[in-house]
Amino acid sequence: MEGKVLIVCAPSGTGKSTIIHRLQERGLEFHFSISATSRPPRGGEQDGREYFFKTEEEFRRLIAEDAFIEYEEVYAGQFYGTLKAQVEASLAEGKHIVFDVDVHGGLRIKEYFGDRALSLFILPPSIEALRERLIARATEPMEKIEMRLARAEYEVSRAPEFDRQLVNDNLDVAAAEAYTIVSEFLKG
């Protein structure tokens, strides 16, 4: 049986990664999609583990060959994208794939896979609650938090374009709701 695709999007600080990990802890088996990038490896990153590292020229050639489900030039000459062949091979092996991506990537992936994919948008209870969470984290300066909040407002405006939305007001409740939504999708 062919695998299915789960696309999870959320503004930074909404608990997306934690919810994905809770799904896995409860026995839902997903393999994370590994993106390709044209940026050089950092620290101990290894090709094929964190990313598929490509030169800018290789990346541009792959774009010309229509090798990506989606891609984005984040900074001049610095690309990130999802390789069709890598994902299709995993799905053919019956593996379920989870994409932890931004809104644009998530919507493009959903468009590509159609009913084989479930797109899930996790919302903060409010932008103000998100502001409080980001400040409480104390990991970034205020100007970076303000940039994240501006992006969050835009991302939240796109939430209705996703198959399902859930509000993370209480992490345990949101994780349980996500489990119900995703397990029903996998059974269906």
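**Group meeting: a walk through the sheet, the cores and a helix pair**

Let's start with the sheet. Four strands make an open sheet, ordered β4-β3-β6-β5, with mixed pairing. At its edges sit β4 (52-53) and β5 (68-75), and each of these pairs on one side only. Keep in mind that this is a predicted model.

Stay with β5. Its pairing with strand β6 (residues 78-83) is antiparallel and runs over six bridges. One pair to find on your screen: Glu72, whose bridge partner in β6 is Tyr80.

Now the helices on this sheet. Helix α3 (residues 84-92) packs on the sheet and touches β4, β5 and β6. The direction of α3 makes about 30° with that of β6. Helix α4 (residues 103-113) also packs on the sheet, touching β5 and β6. The direction of α4 makes about 165° with that of β5.

Next, the inside. Which elements give two or more residues to the largest nonpolar core? First, the core itself. It has 19 residues. Those with the most contacts inside it are Leu6, Phe30, Leu120, Ile122, Leu166 and Val182. The elements giving two or more residues are β1 (5-9), α1, β8 (117-123) and α7 (171-187). The largest share, six residues, comes from α7.

Take Leu166 from that list. Leaving out residues up to four places away in sequence, Leu166 touches Leu120, Phe121, Ile122, Leu123, Ala174, Glu177, Ala178 and Ile181. There is also a second, separate core of 18 residues, and Ile69, Val87, Ile97 and Phe99 are among them.

Back to α1, for one residue. Arg22 lies in helix α1 (residues 16-25). Is Arg22 buried or exposed? Neither: partly exposed, because its relative accessibility is 26%, and the buried class stops under 20% while exposed means over 50%. Again skipping residues up to four places away in sequence, Arg22 touches Leu171, Asp172 and Ala175. Now look for Thr37. Arg22 and Thr37 are 15 residues apart in sequence, and their C-alpha atoms are 28 Å apart in space.

Last stop, a helix pair. Helix α5 (residues 127-137) packs with helix α6 (residues 142-157) at an angle of about 145°. Their axes are 10 Å apart. The crossing of α5 past α6 is right-handed. Who meets whom? From α5 come Ile127, Leu130, Arg131, Leu134 and Ile135. From α6 come Met142, Ile145, Glu146, Arg148, Leu149, Ala152, Glu153 and Val156. By class, this contact has nine nonpolar, no polar and four charged residues.

Definitions and conventions
Residues are numbered from 1 along each chain as its sequence is written. This is a predicted model: local features need pLDDT of at least 70, side-chain atom pairs count only at pLDDT 80 or more; totals for chains, interfaces and linings use all residues. Side-chain values use heavy atoms; hydrogens and water are left out. Buried means under 20% relative accessible area, exposed over 50%, partly exposed in between (1.4 Å probe, protein chains only). Contact means heavy atoms within 4.5 Å. Axes are lines fitted to C-alpha atoms, for helices over the stretch in contact, and angles run from 0 to 180 degrees between N-to-C directions. A crossing is left-handed if the near helix is turned anticlockwise from the far one by less than a right angle, and right-handed if clockwise. Ala, Val, Leu, Ile, Met, Phe, Trp, Tyr, Cys and Pro count as nonpolar, Asp, Glu, Lys and Arg as charged, and the others, Gly among them, as polar. Two strands pair if DSSP finds at least two bridges between them. A nonpolar core is a set of buried Ala, Val, Leu, Ile, Met, Phe, Trp, Tyr and Cys residues joined through side-chain atoms within 4.5 Å.
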